[in-house]
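Subject: Structure for your review

Dear colleague,

Please find below the structure that I agreed to hand over to you. I would be grateful if you kept it open while reading the notes that come after it.

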Amino acid sequence: MSRLLEICISKERGTAKVPVGEAVLMEGWGLEGDAHAGNWHRQVSLLSFEKIEEFRRRGAEVDPGAFGENLIIEGMELRALPVGTRFHIGEAVLELTQIGKECHSHCEIYKKMGDCIMPREGVFAQVIKGGRIQKGDQVQAEMPAPDLPFTAAVITLSDKGAKGEREDRSGPLVAGMLAQAGYEVKEQLLLADGVEPLKSQLIRLADQRQVHVIFTTGGTGFSPRDLTPEATIAACDRMADGIAQAIRNYSMSITPRAMFSRAVSGIRGGTLIVNLPGSPKAVREALDYLLPHLDHGLEILRGTARECARDYEK
């Protein structure tokens, strides 16, 4: 049986969290009175008690809340749970939204120990249903249903767009078409062209947010700054060349200039990554062609597809 061992809050960002005996989880916001609560996907942070104990055995002197965690859960391997898992604590319900986090600047724990467990062991959640919780409450984990709607993220690559010199019309178009097709769009980003920033975001969205598909738009041409394919290849475990080839072939029936696209597609873990063109017209044409067939590939990747051979034989 898992239980809530500690509840910790901080009234200001950048200050240590301190234990409180009980607290109120506010729907769509987080812990009442906590500085990290808000209308975003990391409303509540959770950490396994066992991981804290392992760290203490290495000589670390850490109090509850030292890692910035809101909830310390005993008897649950949080890091091993998939995004979408729901935690039932009393009347409240949380939904796991992210595994781990990026460490932009090393905390005092890292400076002293040369390590910190929060970036790799901490998980984050949104409050789906509010309620009062208290230390000692039982915690139950509910696995996500296998047939939930697919989740997606959209990244636009544009130097001028990132500088505010050009309106991004392609990214919102992709997000709108995905939403209309039933996808849940988790994030939309606008980045300057280049390899490292895009590679970093692809890895974060695949590993931490665990979205089912990421669409990029822009940066696939011959310009020296068009490096979207290179970033995608660097982030992927396996390539899925058929998707990029099929889009290119279809686009060639519309304009021969499609031959100059260097777009690729690939897979990282359970996430499909697809490069799209940069222009809104080309984006719409590509998605009109791809979306009616994409569900099947994502179902195979997720493990919920029926057997292809049987469907073909019919």
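The notes below go from the whole chain to single elements and residues.

Please bear in mind throughout that this is a predicted model.

The chain as a whole

The chain has 314 residues, and 45% of them count as buried. Its secondary structure consists of ten helices and 17 strands. The radius of gyration is 22 Å, close to the 20 Å that the globule rule gives for this number of residues, so the chain is as compact as a globular protein of that length. Along the principal axes, the C-alpha atoms fill a box of roughly 65 × 50 × 35 Å. The accessible surface comes to about 15800 Å², and carbon and sulfur atoms contribute 50% of that area.

How do parts that are far apart in sequence contribute to the contacts? Among the contacts with a separation of 6 or more, 73% are accounted for by residues 24 or more positions apart.

Helix α6 and what follows it

Helix α6 covers residues 196–207 and offers a simple check of geometry. At 1.5 Å a residue, its twelve residues should span 16 Å, and its end C-alpha atoms are indeed 16 Å apart, which agrees. Which residues of this helix are buried? They are Leu 198, Gln 201, Leu 202, Arg 204, Leu 205 and Ala 206. A general point helps in reading such a list: an α-helix has 3.6 residues a turn, so residues three or four places apart point the same way.

Arg 204 also takes part in a network of salt bridges, together with Glu 187 and Arg 209. In the loop between α6 and β14 (213–217) lies Gln 210. Gln 210 has a positive phi of about 55°, although it is not a glycine. With a relative accessible area of 30%, Gln 210 is partly exposed.

Salt bridges

In general, side chains of opposite charge can pair when their charged atoms come close. The model contains 14 salt bridges, and three of the pairs are described here.

Asp 207 pairs with Arg 268, with the closest N and O atoms 2.8 Å apart. This pair links distant parts of the chain, since Asp 207 is in helix α6 and Arg 268 is in strand β16 (residues 265–268), 61 residues apart. Asp 207 is partly exposed, at a relative accessible area of 35%, whereas Arg 268 is buried, at 17%.

Glu 6 and Lys 135 also meet through their side chains, at 3.3 Å from N to O. Glu 6 lies in strand β1 (residues 2–9) and Lys 135 in the loop between β10 (131–134) and β11 (138–142), so the pair ties together parts that are 129 residues apart in sequence. Glu 6 counts as buried at 15% relative accessibility, while Lys 135 is partly exposed at 48%.

Glu 95 forms a salt bridge with Arg 86, and the closest N and O atoms are 2.8 Å apart. Glu 95 is placed in strand β8 (residues 92–99). Is Glu 95 buried or exposed? Its relative accessibility is 16%, and because buried means under 20%, Glu 95 counts as buried. Arg 86 counts as partly exposed at 30%. Leaving aside neighbours within four places in sequence, the contacts of Glu 95 include Gly 84, Thr 85, Phe 124 and Ile 128.

A buried leucine

Leu 78 is in the loop between β6 (71–74) and β7 (86–89). Although it belongs to a loop, Leu 78 is buried, with a relative accessible area of 0%. Apart from neighbours within four places in sequence, Leu 78 is in contact with Leu 46, Leu 47, Ser 48, Ile 73, Phe 87 and Val 123. Leu 78 and Ala 141 are 63 residues apart in sequence, yet their C-alpha atoms are 9.5 Å apart in space.

A nonpolar patch on the surface

Which residues make the nonpolar surface patch of about 430 Å²? Phe 222, Met 252, Met 259 and Phe 260 make it. Phe 260 lies in the loop between α8 (241–252) and β16, and counts as partly exposed at 43% relative accessibility.

Yours sincerely

Terms used. Residues are numbered from 1 along each chain as its sequence is written. This is a predicted model: local features need pLDDT of at least 70, side-chain atom pairs count only at pLDDT 80 or more; totals for chains, interfaces and linings use all residues. Side-chain values use heavy atoms; hydrogens and water are left out. Helices (H or I, at least four residues) and strands (E, at least two) are DSSP runs, numbered from the N terminus. The expected span of a helix is 1.5 Å times one less than its number of residues. Buried means under 20% relative accessible area, exposed over 50%, partly exposed in between (1.4 Å probe, protein chains only). A salt bridge is a side-chain nitrogen of Lys or Arg within 4 Å of a carboxyl oxygen of Asp or Glu. The radius of gyration is taken over C-alpha atoms; the globule rule is 2.2 Å times the number of residues to the power 0.38. Contact means heavy atoms within 4.5 Å. Accessible areas come from the Shrake-Rupley method with a 1.4 Å probe; for residues, only the protein chains shown count as cover. Patches are made of residues with over 30% relative accessible area and no salt bridge: like charges are joined within 9 Å, nonpolar side chains (Val, Leu, Ile, Met, Phe, Trp, Tyr) within 5 Å.
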